[in-house]
Amino acid sequence: MHSMIIGSMVAVRGEPPRLPTEKRKPALSLTTTSVNFRGFVQKSGPVFYFHDNVESTLMWDDWPWTIMWMGIWAVLFESEASPGDALRSSLFTSPILNEEPRKPPVEPKPVTEGELQYFYNMRDIQNTMRLIIDGYDHIAPFVKFLNWSDVPRTLRLLQASVAATVLMFFVGPYIPVRLTLFVVGEAALIANHPWVKPTVNAIHKHFTTGRAAQKRILRKRRLTQRIADLLDEDRLPESVWERGWRDVELFENQRFRPGDGYSPENDAEIETIGQTKEAFGPDEGWQWIEGDEWRIDWGGLWSSVGVDEDGFLYTDNSWQNPAPYAYGTDSQAPKVPARLLDEADPEDEDEDALDQDILPAKYRAVTRRRRWLRRAVRVA
């Protein structure tokens, strides 16, 4: 029964055979797993000790220690001698090799079960598991760009890689390697300084809030969307260009419900936008381009005030007073519609001057919509 359960768990995904090294691995065994885990907990202390010291240095837990390592890194990569020459000089000019040891060497001693350090090691193993899980979750979404499951994107990445390789062939000899390593190493330590993150957040807030920032973001988003559209259009077959094609639009409408957030306004819209989206056909004489799917209009060219990062345009209860943010329903967004901000005194950067309390109750973004697009070609 034990073997059957383990075998079912291992084979549940039907993964393909591994490399020939599989035959040299011990079989899965509960006893072996228990023994190895116990030994790993007992003897993994040095690994986590090293990890904690590296993390402490990067996070500036001990400022003098981190500054010392910044100085060491600067000496290694800014001195005239290479790091190897510096190491050889320190070994052969120092009497350290000819001196007798002043105290006996430290002998490794695994911790035993029940000791406090044993539980510390178990805690660190637990946290390392979480670190691996988070790392996997961050990397997994990018795998599809490399495994040719999305051929156009992977092809563009391959083309960009080839172009970068050719460029580096000519530019690489002129890049100062030592200076580059010095800057990268020092930047890695400076970036984790406790003063850096608040400063960067303040600068980011300055350039991403206010009317001027919203207009810059809108221009950037529309430019990015236009470039993406041009790349997608470039992959269309010649027959599509010869016959002629156009974008078919479909709007998704949502309404704000306190406690539930935004959701489709009624069952009919849920049905239209959701499960039956594929059933929505083009006009007579047109057909969908093979392989092309519905896509969100991220740039919001259909809106005079732009859209948010999800492609939504926010409006009041009558679908009027548009804005690219959820005014009146999102505490992090401006309190009033974009139209009122545009009509306000441009010298007045204080959005609180437009008091929400004196505005009509309808000035709340309780509705929103976004546009979906799909390409259709003329029937041959």
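The side chains of E252 and R370 are joined by a polar contact of 2.7 Å, a polar contact being a pair of N or O atoms within 3.5 Å, of which, within protein, one must be able to donate a hydrogen and the other to accept it, residues adjacent in sequence counting only if both atoms are side-chain atoms. A second polar contact, of 2.9 Å, links the side chains of E252 and W372. E252 belongs to strand β1, residues 245–257; strands (E, at least two residues) and helices (H or I, at least four) are DSSP runs numbered from the N terminus. With a relative accessible area of 7%, E252 is buried, the classes being buried under 20%, exposed over 50% and partly exposed in between (1.4 Å probe, protein chains only).

The model is predicted, and local features need pLDDT of at least 70, side-chain atom pairs count only at pLDDT 80 or more, and totals for chains, interfaces and linings use all residues. Residues are numbered from 1 along each chain as its sequence is written, and side-chain values use heavy atoms, with hydrogens and water left out.

Side chains of opposite charge can pair when their charged atoms come close. The structure contains 12 salt bridges, each defined as a side-chain nitrogen of Lys or Arg within 4 Å of a carboxyl oxygen of Asp or Glu. Strand β1 contributes E249, whose side chain meets that of R371 in a salt bridge with an N to O distance of 2.9 Å. This pair links distant parts of the chain, with E249 in strand β1 and R371 in strand β6 (residues 367–378), 122 residues apart. E249 is partly exposed at a relative accessible area of 40%, whereas R371 is buried at 14% relative accessibility.

D247 and R295 also form a salt bridge, in which the closest N and O atoms are 3.0 Å apart. Here too distant parts of the chain are linked, D247 lying in strand β1 and R295 in strand β4 (residues 295–296), with their positions 48 residues apart in the sequence. The relative accessible area of D247 is 34%, so this residue is partly exposed; that of R295 is 15%, so R295 is buried. Salt bridges further connect D232, R235, D292 and R375 into a network. Within this group, D232 pairs with R235, their closest N and O atoms being 3.9 Å apart. R235 is partly exposed, with 39% relative accessibility.

On the surface, a patch of negative charge is formed by D52, E55, D61 and D62. Patches consist of residues with over 30% relative accessible area and no salt bridge, like charges being joined within 9 Å and nonpolar side chains (Val, Leu, Ile, Met, Phe, Trp, Tyr) within 5 Å. In this scheme Asp and Glu count as negative and Lys and Arg as positive, while His and the chain ends are not counted; the place of a charge is taken as NZ of Lys, CZ of Arg, CG of Asp or CD of Glu. D61 lies in the loop between α3 (45–58) and α4 (63–78) and is exposed, with a relative accessibility of 58%. The loop between α3 and α4 also holds W60, which is buried at a relative accessible area of 7%. Phi of W60 is positive, near 60°, in a residue other than glycine. Most residues other than glycine have a negative phi, and most peptide bonds are trans.

A positive phi, of about 65°, is likewise found in W148, which is not a glycine. W148 is located in the loop between α6 (116–143) and α7 and is partly exposed, with a relative accessible area of 41%. A nonpolar surface patch of about 1100 Å² includes W148 and V151 among its residues, accessible areas being obtained by the Shrake-Rupley method with a 1.4 Å probe and, for residues, only the protein chains shown counting as cover. V151 is part of helix α7, residues 151–171, and is partly exposed at 44% relative accessibility.

Two further pairs concern C-alpha separations. L181, in helix α8 (residues 177–190), is 108 residues from W73 in sequence and 9.2 Å from W73 in space, C-alpha to C-alpha. L181 is partly exposed, with a relative accessible area of 38%. P337 is placed in the loop between β5 (313–315) and α13 (338–343) and is buried, with a relative accessible area of 0%. The C-alpha atoms of P337 and N321 are separated by 6.0 Å, the two residues being 16 residues apart along the chain.
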